[in-house]
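This briefing covers selected strands, cysteines and helices of one protein model. Please read it alongside the sequence and the coordinates.

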Amino acid sequence: MRIIALFNQKGGVGKTTTTANLGAALAAAGKKTILVDLDPQSNLTTHLGIDPESLPAGGSTYRVLTDGIPLAEILHEIPDTKSKLFVAPASTDLAAAEVELVSVVGRETLLRTMAQAPPPLPLDADFVLIDCPPSLGLLSLNALVFASEVIVPLQAHFLALQGMEKLFDTINMVRHSLNPGLRISGILFCQYESTVKLSGEVTGEVEKFLASARGTDHPVANAHIFDTHIRRNIKLAEAPSFGQSVHRYAPTSAGATDYQALAREILKEEA
């Protein structure tokens, strides 16, 4: 089971869009995929057609972290996915979790613990994708402790590179104290415009940085830039308002094509 955190402390870079649409593409390829919403904004939950305010008691990631409910117990199956795509939804209550858990022993490992709950409720999937909040707080730490790898969605803007070292420091801290096997597996450029000169310049800067990290203990030492770039596409922005992935909302759009290509690239890594 590959457990992938979509992580970048900067907002608006494509974490939720990628979690939803990469997950749907992997499910369409026949892989059982679980999406975990760890963002108090609940955008992933809404994107997949679930009203965060109508969740049953005990039916959100907030309850998993604060009440010790097994993660598998709160999963919602996404319709028309042949039992291949599920989501662990979030409610706005999740915003209070960091305060409520401040004195809890082992608070950074709660998600991992509840995902490994005793039978019959441990997670069972080919892929788990975690939509992290745009912060370096306790919720993101729980995702990084649970994950086996990180994909960093990034816009090809110089401002988007600011704060990356802090992101790397956080991952290093998790590796050294809580999750030694964690690695950054890839950098994914989102909202990409190939005709803009700046896009190529930023891509080149990231490539040079990754090359300089090869052979070191840096968390990006074995990372790569995905060949697939997610192009800027209005259908990706429209799909959430219909509670659908882009593959269902606009299956022939550039957005759907790009996420299908990304899913193939990730599946090829397993071969």
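The points below take the strands, then the cysteines, then two helices. The model is predicted. Strand β7 pairs with β6 and is also joined to β8. No disulfide is found in the whole structure.

**Strands around β7**

- Strand β7 spans residues 183-190 and is mostly covered, with seven of its eight residues buried.
- On one pairing, β7 runs parallel to strand β6, residues 149-155, and seven bridges link the two.
- Within that pairing, L154 has F189 of β7 as its bridge partner.
- Strand β8, residues 224-225, also runs parallel to β7, and two bridges join them.
- Here the bridge partner of I187 is I225, which lies in β8.

**Cysteines**

- A search of the whole structure gives zero disulfides.
- C132 cannot be bonded to C190 in this model because the sulfur of C190, the closest cysteine sulfur to that of C132, is 14 Å away, whereas a disulfide needs the two sulfur atoms within 2.5 Å.
- The same holds from the side of C190, which is in no disulfide and has the sulfur of C132 as its nearest cysteine sulfur, at 14 Å.
- C132 is buried, with a relative accessible area of 0%.
- C190 also counts as buried, at 2% relative accessibility.

**Helix α1**

- Helix α1 covers residues 15-28, which makes 14 residues.
- From its first C-alpha to its last, α1 reaches 20 Å, close to the 20 Å expected at 1.5 Å a residue.
- The helix is mostly covered, since twelve of the 14 residues in α1 are buried.
- The buried residues of α1 include K15, T16, T18 and T19 towards the start of the list, and A24, A25, L26 and A27 towards its end.
- Between these in the list come A20, N21, L22 and G23, which are buried too.
- Just after α1, G30 has a positive phi of about 95 degrees.

**Helix α8**

- Helix α8 is made up of residues 164-177, 14 in number.
- Its reach from first to last C-alpha is 20 Å, close to the 20 Å expected at 1.5 Å a residue.
- In α8 the buried residues are M164, L167, F168, T170, I171, N172, V174 and R175.
- An α-helix has 3.6 residues a turn, so residues three or four places apart point the same way.
- Among the buried residues of α8 are M164, L167, F168 and I171, together with V174 and R175.

Definitions and conventions. Residues are numbered from 1 along each chain as its sequence is written. This is a predicted model: local features need pLDDT of at least 70, side-chain atom pairs count only at pLDDT 80 or more; totals for chains, interfaces and linings use all residues. Side-chain values use heavy atoms; hydrogens and water are left out. Buried means under 20% relative accessible area, exposed over 50%, partly exposed in between (1.4 Å probe, protein chains only). Helices (H or I, at least four residues) and strands (E, at least two) are DSSP runs, numbered from the N terminus. Two strands pair if DSSP finds at least two bridges between them. The expected span of a helix is 1.5 Å times one less than its number of residues.
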